[in-house]
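Biologist: Please take a close look at a single part of this chain, the aromatic cluster, and describe what surrounds it. Plain terms will do.

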Amino acid sequence: MNIKQLQQGLDYCGRVEAVRQTYHVFQAKGAILVLSFARAKDRKGSGYFNLIDSAAVDYVQERMGGHSGVTAKDVVQAGRRTKHITGRLQALNILYVMVALNQAAIQKAGENRQLFFSVRKARRMAA
């Protein structure tokens, strides 16, 4: 990721309230910045950030669009032969980005706090 592209400006896309964290999503040219902060009162103010390639989000939208019950593991499997998704944490962040962009929704938390997402089909532009 080119840090100079991030310096040119970030647009706030939205926020996602998840089980343990609150995610704030910002979009830049070619990249998405995800800031996450702990929701627990004893960890207030602690968090981290991740950079996600916009192409990875587009890939997951195209590949998983129209499916429900999608997990981070499913996203890793879908992208295992590409350079878009390198692991479960990145896959989970991609899903949170999609929720913030209104391309997906959190369905439910399953056993062992596993999250399931419903991914909307990609909207086709009229020719």
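Modeller: What follows goes from the chain as a whole to the aromatic cluster, and then to the helix that carries part of it. The model is predicted, and the values below are computed from it.

The protein chain has four helices and seven strands. Read from the N terminus, the order of its elements is α-β-β-β-β-α-β-α-α-β-β. Of the 127 residues in the protein chain, 39% are buried. Among contacts between residues at least 6 apart in sequence, 39% join residues at least 24 apart. The accessible surface of the protein chain is about 8,200 Å², and carbon and sulfur atoms account for 48% of that surface.

Now the cluster. The count of aromatic pairs comes to three. A pair of aromatic rings is described by two values, the distance of the centres and the angle of the planes. Tyr23, Tyr96 and Phe117 together form one aromatic cluster.

Start with the two tyrosines. The count of three aromatic pairs includes tyrosine 23 with tyrosine 96, a stacked pair with 3.9 Å centre to centre and 25° between the planes. The cut-off for stacked is under 30 degrees, so an angle of 25° falls within that class. Tyrosine 23 belongs to strand β2 (residues 21–28) and tyrosine 96 to helix α4, so the pair ties together parts that lie 73 residues apart in sequence. Both rings belong to buried residues: tyrosine 23 counts as buried because its relative accessibility is 5%, and tyrosine 96 counts as buried at 3% relative accessibility.

Tyrosine 96 also pairs with phenylalanine 117, and here the arrangement is edge-to-face, with 5.8 Å centre to centre and 75° between the planes. This pair, too, links distant parts of the chain, with tyrosine 96 in helix α4 and phenylalanine 117 in strand β7 (residues 115–119), 21 residues apart. Phenylalanine 117 has a relative accessible area of 0%, so phenylalanine 117 is buried. Tyrosine 96 thus takes part in the stacked pair with tyrosine 23 and in the edge-to-face pair with phenylalanine 117.

Helix α4 has another partner. Helix α2 (residues 54–64) packs with helix α4 (residues 88–100) at an angle of about 80°, and their axes are 10 Å apart. That angle makes α2 roughly perpendicular to α4, because angles of 65 to 115 degrees count as roughly perpendicular. On the α2 side, Ala56, Val57, Val60 and Gln61 meet Ile94, Val97 and Met98 of α4. Sorted by class, this contact of α2 with α4 has six nonpolar residues, one polar residue and no charged residues.

One backbone detail comes after the helix. Asparagine 102 sits in the loop between α4 and β6 (104–109). Most residues other than glycine have a negative phi. Asparagine 102 has a phi near 65°, a positive value in a residue other than glycine.

Outside the cluster, glutamine 77 in helix α3 (residues 72–78) offers a contrasting burial class. Glutamine 77 counts as partly exposed, because its relative accessibility is 41%. The C-alpha atoms of glutamine 77 and glycine 87 are separated by 9.5 Å, and the two residues are 10 residues apart along the chain.

Methods: Residues numbered from 1 in each chain as written. Predicted model: local features only at pLDDT ≥ 70, side-chain atom pairs only at ≥ 80, totals over all residues. Heavy atoms only, no water. Axes fitted to C-alpha atoms, helices over the stretch in contact; angles between N-to-C directions. Helix = DSSP H or I, 4+ residues; strand = E, 2+ residues; numbered from the N terminus. Parallel < 35°, antiparallel > 145°, perpendicular 65-115°, else oblique. Contact = heavy atoms within 4.5 Å. Nonpolar A, V, L, I, M, F, W, Y, C, P; charged D, E, K, R; others polar. Phe/Tyr/Trp six-rings, centres within 6.5 Å; stacked < 30°, edge-to-face > 60°. Buried < 20%, exposed > 50% of the residue type's maximum accessible area, 1.4 Å probe, protein only. Areas by Shrake-Rupley, 256 points an atom, 1.4 Å probe, with all protein chains shown as cover.
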